[in-house]
Amino acid sequence: MQDHTVTIDNSTSPAGLAFADNFNVAVPFIDRHLDEGRGDKTAIFSATGGRVSYGELALNVNKVGNCLNAMGIAAGERVLMIIKDAPEFYYVFWGAIKAGKVPVPLNTLLRAKDFQYMIEDSACAALVYSPEFADEVEPALKATSHKPVHVMRTTGDETSLLSCIKNASPTLEPAPASASSDCFWLYSSGTTGRSKGTVHAHANMVVTSQYYAMDILGLREDDVCFSAAKLFFAYGLGNGMTFPLWAGASAVLLPGPPTPQSTFEVIERFKPSIFFGVPTLYAAQLQALEADPRHFAGLRRCVSAGEALPGDIYRRWLEKTGVSILDGIGSTEALHIFISNRTDDIKPGSSGKIVPGYEARILDDAGEEITGEQSGRLMIKGASTAGRYWNNPEKTAATMIGGWLDTGDTYFRDAEGYYHFCGRNDDMLKVGGIWCSPFEIEARLIEHPKVLEAAVVGRADDANLVKPAAFVVLRDGVEADEQLSEELMQHCKSGLAKYKYPRWLSFVEDLPKTATGKVQRFKLR
Ligand code: 3UK
């Protein structure tokens, strides 16, 4: 295979990466393993049974690519994916890339109106979904003004993707591409307005795999990676797919929700060597371990990201399991972690130091770089960052500035070079590592006939992790009681993605406001 190669020069730090002029990233991630003799090695263990070898993976990727070609989907057209963590996620993602289409994995926890927006915004040519999500996907397809030409379930009858690939050709030439051409998108949420399609190039997954997974995590071919964070998040996409594929290692996929029970079962059964979680899950797992201690044989690394890992969780996890958790900050726009603790260099409560290959700057309000220990706006630069948001030049211009990415976070760097998270510059909340806009919850509350006004802010729970807290002003004559509080929580759970409901709800007479009528959230916090 002469084309589509990437050369890695490990004599420099960070490793030098040189891409062939014609570079389709499916070749080094999928096809390379056949040339390197890993055809029989397990690429994927599925928690629902079954394993997929590198040989079968490459075959199914080709078959899906051929099906997409046969449907007449043109180069660069989007293929939306609403797919659970299972081998078919890999097949569609890599099949699309190899055939020159642009896969767009969506958060499967979202609701019909979110999917409707993404179908319209992406103007996708195809949508592939797991039957489990039909109740939200199908109403979205009915309501949308843009009808994707091809809609397919992953499994089911003869119209499903898995039936389609039965008769597809097992060989596929990689579509022409280059290191900087559009490869895939991930949607990233914003405070106000809708989420933005973050456009990633072919080179980007190579960069995160090399700079973070190989150089910081020390990923090896004999590793087994298990990510509690789902593949549709940039964090999970790296942990549970691109990293193990890059190293020729193996991944374990858990299709269902990650609970202490379900993750412990996977860890005990498959003995992963690297576990990737989020602080909220580590806190819940610790609680479960206190009642029911377990020993995780084979586990050599644990990673946390999505929101800051409290030092207390770090210490208790180390005490209970003997494994330290590496906290690192990443983002959808940067694709993966760019500041991280190291196995031999951890400062609990901090995000660690810059990952070689990335640069960071902290700016004051005037846009000047801060060199001392004061906090400011964190900007980062690196070869894995998205070049633009889809169809959104304003947001692109505001966020991606001269090669620098505005993270939207306030950070300070201490005298030893460790970065410390101080909060967001906007009102966005991270709940269990997942974005949550207070405005969206407020809008849902206000839809309720008994609610006049609502304001939502973040509040720390017992584990020192932020969850939404709502303040509600009721309409005249409505009685505030426990039952109404429960009714409003249910109203949120039924209309929003499940993780977005307020964990606390207080009834108030009025909301603190500025002279211009803007809610003063800081007073509620
Ligand atoms: C926050 C953190 C403190 C921070 C992500 C690893 O979370 C990821 O991507 P998102 O786009 O959110 C990015 C924002 O989340 N954040 C993430 N990690 C930390 N804050 N400490 C942390 N360790 O506000 C950041 O701007 O959902 C994480 C890898 C890939 C990712 N996409």
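This is a short talk on one helix, two sheets and some aromatic contacts in a predicted model.

Let me start with helix α4, residues 112-122. Is this helix enclosed or open? Of its 11 residues, 8 are buried, so the helix is largely enclosed by the rest of the structure. The buried ones are Ala112, Asp114, Phe115, Tyr117, Met118, Ile119, Asp121 and Ser122. As a reminder, an α-helix has 3.6 residues a turn, so residues three or four places apart point the same way.

What covers those buried residues? The cover includes the strands β5 (78-82), β7 (126-129), β9 (182-188) and β10 (196-201). It also includes two helices, α5 (134-143) and α13 (438-446). After α4 comes Ala123, which has a positive phi, near 45°.

Two of the covering strands, β9 and β10, deserve another look, as α4 lies across both of them. The helix runs at about 145° to β9. These strands belong to an open sheet of 3 strands, ordered β9-β10-β20, with antiparallel pairing. At the edges are β9 and β20 (388-389), each of which pairs on one side only. Between β9 and β10 there are 6 bridges. One residue to find on screen is Ser188, whose bridge partner in β10 is Lys196. Lys196 also lies over the face of Tyr389, at 5.2 Å from the ring centre. Arg78 is placed over a ring too: it lies over the face of Trp390, at 4.6 Å from the ring centre.

Next, the other sheet. Strands of a sheet pair through backbone hydrogen bonds, either parallel or antiparallel. This open sheet has 9 strands and mixed pairing, and its order is β4-β3-β12-β11-β13-β14-β15-β16-β17. The edge strands are β4 (51-53) and β17 (353-354), and each pairs on one side only. Inside the sheet, β14 runs parallel to β15 (residues 325-330), and 3 bridges join them. Val303 has Leu326 of β15 as its bridge partner.

Now the aromatic rings. How many aromatic pairs does a search of the whole structure find? It finds 19. I will show two. The ring centres of Tyr212 and Phe243 are 5.9 Å apart and the planes are at 45°, so this pair is tilted. Tyr212 lies in helix α7 (residues 204-214) and Phe243 in helix α8 (residues 234-247), so the pair ties together parts 31 residues apart in sequence. Both Tyr212 and Phe243 are buried.

The second pair is Phe264 with Phe296, again tilted, at 5.3 Å centre to centre and 40° between the planes. Phe264 sits in helix α9 (residues 260-270), while Phe296 is in the loop between α10 (279-291) and β14 (301-304), so this pair ties together parts that are 32 residues apart in sequence. Phe264 and Phe296 are buried as well.

There is also an aromatic cluster, made up of Phe29, Phe89, Phe93, Trp94, Phe184 and Trp246.

Trp246 brings me to my last residue, Gln210, which is joined to it by a side-chain polar contact of 3.0 Å. Gln210 is found in helix α7. Is Gln210 buried or exposed? Its relative accessible area is 4%, and the cut-off for buried is under 20%, so Gln210 is buried. Leaving aside neighbours within four places in sequence, Gln210 is in contact with Ile8, Asn10, Ala15, Leu17, Asp215 and Trp246.

Conventions: Residues are numbered from 1 along each chain as its sequence is written. This is a predicted model: local features need pLDDT of at least 70, side-chain atom pairs count only at pLDDT 80 or more; totals for chains, interfaces and linings use all residues. Side-chain values use heavy atoms; hydrogens and water are left out. Buried means under 20% relative accessible area, exposed over 50%, partly exposed in between (1.4 Å probe, protein chains only). Helices (H or I, at least four residues) and strands (E, at least two) are DSSP runs, numbered from the N terminus. Contact means heavy atoms within 4.5 Å. Two strands pair if DSSP finds at least two bridges between them. Axes are lines fitted to C-alpha atoms, for helices over the stretch in contact, and angles run from 0 to 180 degrees between N-to-C directions. Rings of Phe, Tyr and Trp (its six-membered ring) pair if their centres lie within 6.5 Å; planes under 30 degrees apart count as stacked, over 60 as edge-to-face and the rest as tilted. A charge sits over a ring if NZ of Lys or CZ of Arg is within 6 Å of the ring centre and within 35 degrees of the ring normal. A polar contact is a pair of N or O atoms within 3.5 Å; within protein, one must be able to donate a hydrogen and the other to accept it, and residues adjacent in sequence count only if both atoms are side-chain atoms.
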